Amino acid sequence: MTSSPTPGLTRFNALDDSAAAAELHEVCASSAWGGKLLAQRPFADAEALFSANESAMAELTAADLAEAMGGHAPIGRPKPGDPTSAREQRGMAGASEELKNELLELNLAYQEKFGHVFLICATGATGEFMRDAVKVRIDNSPEQEREIARGELVKINRIRLTRLVELAEEGA
């Protein structure tokens, strides 16, 4: 059984390529990912969009993944003035200064080892959960970590795409 498109998905499907590309870039900074999704429009329903997200993410090269990860703020330091970044990292809002400092140190060590920010689907996660995840994942090989980050990006993109298809009109 397929569902019909939401008003937000109908709006997204009707956008010109430039406007749709801009919205997709807000979801994921990888231009290759955005191009793959653009090429599949119009989407019949949200599940088709989510499936396209997963397929496109699976096809990204290491360079494409690096571009995607470059669009994410470090955990504990949401991008100033970016409501998406702040919303996704809400679990850090009540964290102690000690936990914030510990995460900063872990983020820096992680970034030094892997060359990119620690990426985790932070929506609904506590600061302690994210700290523990960094501690475990920092021992991974670069290849293992790239694949874990790919999976986290799929989750993050799905959350962001869900918001996109729920928007009934521009600016909603």
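Trainee: Which residues does Trp33 touch, not counting residues up to four places away in sequence?

Mentor: In this predicted model, the neighbours within four places of Trp33 are set aside, and what is left is a list drawn from several parts of the chain. Contact here requires heavy atoms within 4.5 Å. On that basis Trp33 touches Leu24, Val27, Cys28, Asn53, Ala56, Met57, Leu60, Asn157 and Leu161.

Trainee: Which helix gives the most to the largest nonpolar core?

Mentor: That core has 30 residues, of which Phe12, Trp33, Leu37, Met57 and Leu161 touch the most other members. Helices 1, 2, 3, 4, 5 and 9 each give two or more residues to this core. The one that gives the most, with 7 residues, is helix 9.

Trainee: How many residues does the second, separate core have?

Mentor: This core is separate, and it includes Ile75, Phe114, Met130 and Val134. Its number of residues is 16.

Trainee: Is the pair of Tyr110 and Phe118 stacked, tilted or edge-to-face?

Mentor: Tyr110 is buried, and Phe118 is buried as well. Their ring centres lie 5.2 Å apart and their planes stand at 85 degrees, and planes over 60 degrees apart fall in one class. The pair is therefore edge-to-face.

Trainee: Which residues do ring pairs link into a cluster?

Mentor: The structure holds 2 aromatic pairs. In one of them, Tyr110 and Phe114 have ring centres 4.6 Å apart and planes at 45 degrees, so that pair is tilted, and both residues lie in helix 7, 4 residues apart. The cluster linked by ring pairs is made of Tyr110, Phe114 and Phe118.

Methods
Residues numbered from 1 in each chain as written. Predicted model: local features only at pLDDT ≥ 70, side-chain atom pairs only at ≥ 80, totals over all residues. Heavy atoms only, no water. Phe/Tyr/Trp six-rings, centres within 6.5 Å; stacked < 30°, edge-to-face > 60°. Buried < 20%, exposed > 50% of the residue type's maximum accessible area, 1.4 Å probe, protein only. Core = buried A, V, L, I, M, F, W, Y, C linked by side-chain atoms within 4.5 Å.
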